Amino acid sequence: MVDSDRIDKLIAAVPPALALGAGLDLGIFTRLGSSAVTADSLGAELKVEPDRLSRLLYALASIGLLEVKDGRFRNGAEAAAFLDASKPTYRGGDHALLRELWGADLLTAESLRQNRPAALHDFSEAGPEAAAAFSRMLAPGGVIFGRHLAREMDLSAIGSVIDIGGGPGTMLVGLRERRPQIAATLMELPTVAAVAKDILSEYGADDVVVEEGDITVAPSIGRHDLAILKAVVQVLPPDQARSSILNAARCLTPGGEIAIAGWGVVDDDRLGPPEGVFLNLTFLNLYRHGESYTEGQYRAWMTEAGFRDISRSRLTDGSTLFRARLTG
């Protein structure tokens with residue numbers, strides 16, 4: 001017998017996710033920290049009306065993110081560990097980006113009807129103000145991703161790293177927290193590179209070299225022990241995705257390592273993992289050509305570029321990581 005349970009569960013999953021998003025936008029979990037407070041006191045701190053705020057607080061408590069006792073709210077175990085921005089395990093750094101992605105997801109049918117992205121995002125054509133706003137939105141999450149990557153990789157033999165297409169470059173900040181002696185370079189398109197310098201300075205990373213360039217056209221002017229491409233390949237058409245990996249190889253010293261990370265990766269049958277499959281839908285609304293490429297495509301491009309010992313793993317933030325070493 002067929003029932004509607006699967007459909008009902010999919011529909012019911014949306015409001016809790018949006019409540020989580022609202023909590024992150026307001027900074028509720030960070031404000032609470034380890035304390036227990038009333039809606040009145042939290043509302044005063046957030047400058048929002050307490051009775052209206054309490055609706056969100058009770059909703060978050062109903063899904064276990066908050067706990068409530070005698071009218072006081074505190075973080076639940078998961079929120080305390082992963083949604084408090086003061087913790088190194090914080091998972092909410094990209095909540096502004098998440099809001100933008102969810103907004104784009106609502107336009108999927110429209111993108112298909114119009115045969116074009118209904119929420120087009122074009123890095124190459126972004127003006128200075130748009131580039132600055134988008135880069136600042138990405139900056140906190142970049143630091144957190146850098147920390148995740150540093151925990152995954154042995155950086156003891158790395159003398160120089162290049163972040164290719166890394167937006168504000170703050171991934172380098174998180175990556176170097178344990179090894180600040182690593183020389184760091186950010187390679188970005190001119191418009192983004194122009195705003196990255198100020199953002200890096202705000203994070204105390206004035207020593208990061210910011211290099212203007214387009215990895216789909218040419219490699220970096222320098223050579224490095226480690227090249228990182230986070231969420232770059234997935235926003236490019238196939239020919240440019242291939243070129244970006246070929247040129248990234250030319251940024252490395254003999255025996256250098258590449259790390260390609262992002263959620264836009266799918267298994268060869270294109271049925272999983274879920275984040276890659278559904279991000280592929282989001283890309284319909286944002287980019288003219290970007291997509292979630294398959295593991296087989298990544299491996300073929302990396303092999304052609306001269307990489308060996310290609311591995312695929314999952315970072316603690318849920319994204320896919322490909323690693324390999326350059327032959328030679």
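This is a short talk on a sheet, a helix and some aromatic pairs in one protein model.

Okay, hi everyone. One thing up front: this is a predicted model.

Let's start with the sheet. Seven strands make it up, and it's an open one, with the order β6-β5-β4-β7-β8-β12-β11 and mixed pairing. Which strands stand at the edges? They're β6, residues 209-212, and β11, residues 307-314. Each has a single partner strand, so one side of each has no neighbour in the sheet. On average, neighbouring strands are turned by 20° against each other, if you ignore direction.

If you're new to this, strands of a sheet pair through backbone hydrogen bonds, either parallel or antiparallel. Here's a parallel case: β4, residues 160-164, and β5, residues 183-188, are joined by five bridges. Find V161, and you'll see A184 of β5 standing opposite.

Now for the helix that packs on this sheet. That's α13, residues 295-304, and it touches β8, β11 and β12. The direction of α13 makes about 150° with that of β11. Which residues of α13 are buried? E295, Y298, W301 and M302. Looking down the axis of α13, you'd find these buried residues within an arc of 135°, so they line one face of the helix. The reason that can happen is general: an α-helix has 3.6 residues a turn, so residues three or four places apart point the same way. And what covers those buried residues of α13? The cover includes α11, β8, β9, β10, β11 and β12. Right after α13 comes G306, with a positive phi of about 100°.

Two of those helix residues come back in my last topic, aromatic rings. Y298 and W301 are linked by ring pairs into a cluster with Y293 and F322.

Searching the whole structure turns up five aromatic pairs. One of them is Y58 with F73, an edge-to-face pair with 5.0 Å centre to centre and 80° between the planes. Y58 sits in helix α4 and F73 in strand β3, so this pair ties together parts 15 residues apart in sequence. Are the two buried or exposed? F73 is buried, at 2% relative accessibility, while Y58 is partly exposed, at 46% relative accessible area.

Then there's F283 with Y287, a tilted pair: 5.6 Å centre to centre, 50° between the planes. Here F283 is buried, with a relative accessible area of 3%, and Y287 is buried too, at 13%.

Oh, and from the records: an unreviewed UniProt entry annotates residues 19-83 as "domain: O-methyltransferase dimerisation". In the model, that span is 62% helix and 15% strand, and its end C-alpha atoms lie 13 Å apart.

How values were computed
Residues numbered from 1 in each chain as written. Predicted model: local features only at pLDDT ≥ 70, side-chain atom pairs only at ≥ 80, totals over all residues. Heavy atoms only, no water. Pairing = 2+ DSSP bridges. Helix = DSSP H or I, 4+ residues; strand = E, 2+ residues; numbered from the N terminus. Axes fitted to C-alpha atoms, helices over the stretch in contact; angles between N-to-C directions. Contact = heavy atoms within 4.5 Å. UniProt positions renumbered as here; feature names shortened; annotations may be inferred. Buried < 20%, exposed > 50% of the residue type's maximum accessible area, 1.4 Å probe, protein only. Arc of directions from axis to C-beta. Phe/Tyr/Trp six-rings, centres within 6.5 Å; stacked < 30°, edge-to-face > 60°.
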